[in-house]
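User: I'd like to go through this model with you and ask how each label was earned. Could you take me from the numbers to the conclusions?

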Amino acid sequence: MSALPFRIGFGEDAHRLEAGRPLVLGGVPVPHAELGAVAHSDGDAVLHAVADALLSGLALGDIGQYFPDTAAEWAGMDSRVIVARALELVRERGYVPGNVAVVVTLDRPKLGPLRADIARSVAALLSLPESEVGVSFKTSEGLAPAHVQTRVTALLVRAGEG
Ligand SMILES: [Zn+2]
């Protein structure tokens, strides 16, 4: 058991984008996306980084250890399952998420209209109020037009410290 009342987690994820595939971010399907994620699972780069942030905050490794991308059973899987598992591991160790900050780097389409939907979706998965999920959008300035990258920090709070 950690001696710290608070722990910081950090997660990062990226997927190559290709035509003819769906793009899902934070559990929210992105409408009018010309390109979607190439992935073994549903390719939700936000949820993959959220799960890694939860795990890293307690030094529990990364999602590749729990959901190997060579396992047929995880093919096309809903990444909400991955977040739920990471959250379960965090709770088992006596911590809960306090707040999370999500940064998505994507050139097209503009995600601004989806900010509230993504915040609400991630908040619901983590049993947090929407106000505890910050969502920022960046572009690569044309450096990586067929690429989505995400970064997530998560504050974990030891149960009883809130
Ligand atoms: Zn991923």
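Analyst: Gladly! This is a predicted model. A good place to begin is contact range: among contacts between residues at least 6 apart in sequence, 74% join residues at least 24 apart.

User: What makes the protein agree with a compact globule?

Analyst: The rule takes 2.2 Å times the number of residues to the power 0.38. For 162 residues that gives a radius of gyration near 15 Å, and the protein has 15 Å, so the two agree. Along the principal axes, the C-alpha trace spans about 45 × 35 × 25 Å, and buried residues make up 41% of the chain.

User: Which elements build the protein, and in what order do they run?

Analyst: There are 4 helices and 7 strands, running β-β-β-β-α-α-α-β-α-β-β from the N terminus. Five strands form an open sheet in the order 4-1-7-5-6, with mixed pairing.

User: Why are some strands of this sheet called edge strands, and which are they?

Analyst: Strand 4 and strand 6 are the edge strands, each pairing on one side only. Neighbouring strands in the sheet are turned by 25° against each other on average, direction ignored.

User: How do you know that strand 5 and strand 7 pair?

Analyst: Pairing asks for at least two bridges. Strand 5 and strand 7 have 10 bridges, in the antiparallel sense, so they count as paired. One of the partnerships joins V102 to V152 in strand 7.

User: Which helices pack on the sheet?

Analyst: Helix 1 does, touching strand 1, strand 4, strand 5 and strand 7, with its direction at about 155° to that of strand 1. Helix 4 packs there as well, touching strand 5 and strand 6, and its direction makes about 140° with that of strand 6.

User: Which residues of the largest nonpolar core touch the most other members?

Analyst: Of its 45 residues, V46, V50 and V122 do. Helix 1 gives the most to this core, with 9 residues. Leaving aside neighbours within four places in sequence, V50 is in contact with G11, V83, V100, V122 and V152. In general, nonpolar side chains of soluble globular proteins tend to be buried together.

User: Which residues of helix 4 are buried, and what covers them?

Analyst: The buried ones are I118, A119, S121, V122, A123 and L125. Their cover includes strand 2, strand 3, helix 1, helix 3, strand 5 and strand 6.

User: Why is S127 called exposed?

Analyst: A residue is exposed with 12 or fewer C-beta neighbours within 10 Å. S127 has 10, so it counts as exposed. S127 sits in the loop between helix 4 and strand 6, and has a positive phi of about 55° although it is not a glycine.

User: And what makes E141 exposed?

Analyst: E141 has 9 other C-beta atoms within 10 Å, so it falls under the exposed label. E141 lies in the loop between strand 6 and strand 7; its phi is also positive, about 60°, although it is not a glycine.

User: Then why is R93 partly exposed?

Analyst: Buried would need 20 or more neighbours, and exposed 12 or fewer. R93 has 16 inside 10 Å, so it is partly exposed. R93 is in the loop between helix 3 and strand 5.

User: Where is there a cis peptide bond?

Analyst: A cis bond joins R108 and P109, with omega about -5°. P109 belongs to the loop between strand 5 and helix 4.

Notes:
Residues are numbered from 1 along each chain as its sequence is written. This is a predicted model: local features need pLDDT of at least 70, side-chain atom pairs count only at pLDDT 80 or more; totals for chains, interfaces and linings use all residues. Helices (H or I, at least four residues) and strands (E, at least two) are DSSP runs, numbered from the N terminus. Two residues are in contact if their C-beta atoms, placed from the backbone, lie within 7 Å. A nonpolar core is a set of buried Ala, Val, Leu, Ile, Met, Phe, Trp, Tyr and Cys residues joined through C-beta atoms within 7 Å. Axes are lines fitted to C-alpha atoms, for helices over the stretch in contact, and angles run from 0 to 180 degrees between N-to-C directions.
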